[in-house]
Amino acid sequence: MSTLFSDYHLLDALWMTIKLTLVAAVGSLVLGTLVAVLRMSPVPMLRFLGTSYINIFRNTPLTLILLSCNLVLWAKLGVELADSKSPDFFTTNNFRLAVLGLTVYHAAYVCEALRSGVNTIPLGQAEAARSIGLTFSQSLREVILPQAFRGAIVPLGNALIALTKNTTVAVVIGVMEMAAMLAKVTEDDPGLLNQAFSASALAFVALTLPTGLLVGYLGKKLAVKR
C-alpha cells in the first residue's frame, strides 16, 4: 500500500478528485439555478432556451463533452483557461477544462432538481406574491427559490454524489485523479491492482457516504412543513 502513496501519488489523486468535485459543484449550482430561472420565465424564448439546454446536455455523454472541451475548445479553437507560459500549463488547463465540462453537464441535473423543488411549492404562493405586487424576479428571489432549495435538498445531494463519481471521466483529457492513478497502476504494476482498486473504492465511499447521510438529515430537517 505504501507504494501507492509514494510512487503513484494516491493522496494527490484523491485531492484532485475533491477539487474537481468542489469547484464543479459550485459552478453547476450557479449555472443550474440560472437555467432553472430560464425554464420558469414567463418569456417563451427564455423558456425555450432553458429547455434546449436541458435536452442537449442531459442527453449528451459526459465523455463526449469533456473531449469536446479539450479537442474542440482548446486544440481547435485555441481557448486557453491557463497561462500558456506557465510550467504547469497543461495540468492547470486540463483541470479547468474538466471543471467546465463537468459544470455544464451537471447544471442540467441541478436545474431539474430545482424544478422538482419548485413543484413542491403550492401554486397559491406564486399567486399571493403577484397579488401583493411582486415582480417575477422578486417572486423568485423572495418566495419561490428559497423554498425550492429547501424542497430540492435530496435531489441536489444526489446530483452532488453523481458528480463526485463522474469526476473519474476527467481521465480522458489527462487529469490525474483517481481513475488516472488506477490506469497508471494497471500499466506499470498489475500486481498492485487489488490494492489500487480497494483504495479507490474506499476513497469514493468516504466521499459519498457522509454526503448521502448529511443530505438525508438535512432533507428531513429543512423540509417545508405544509
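Student: On which residue is the kink of about 30° in H5 centred?

Tutor: This is a predicted model, where local features need pLDDT of at least 70, side-chain atom pairs count only at pLDDT 80 or more, and totals for chains, interfaces and linings use all residues. Residues are numbered from 1 along each chain as its sequence is written, and side-chain values use heavy atoms, without hydrogens and water. A bend at a residue is the angle between axes fitted to the seven residues ending there and the seven starting there. In helix H5 (a DSSP run of H or I, at least four residues, numbered from the N terminus), the kink is centred on His106.

Student: How many of the 30 residues of H5 are buried?

Tutor: Buried means under 20% relative accessible area, with a 1.4 Å probe and protein chains only. H5 is mostly covered, and its buried residues number 21.

Student: Which helices help cover the buried residues of H8?

Tutor: The buried residues of H8 include Ile153, Leu156 and Gly157. Among what covers the buried residues of H8 are H2, H5, H7 and H10.

Student: How do H9 and H10 run, roughly parallel or roughly antiparallel?

Tutor: Their axes (lines fitted to C-alpha atoms over the stretch in contact, with angles from 0 to 180 degrees between N-to-C directions) come within 9 Å and cross at roughly 175°. Angles over 145 degrees count as roughly antiparallel, so H9 and H10 are roughly antiparallel.

Student: Which residues of H9 make the contact with H10?

Tutor: Contact means heavy atoms within 4.5 Å. On the H10 side, Leu193 and Phe204 are among the residues involved. From H9 come Met178, Met181, Leu182, Val185 and Thr186.

Notes:
Helix = DSSP H or I, 4+ residues; strand = E, 2+ residues; numbered from the N terminus. Buried < 20%, exposed > 50% of the residue type's maximum accessible area, 1.4 Å probe, protein only. Parallel < 35°, antiparallel > 145°, perpendicular 65-115°, else oblique.
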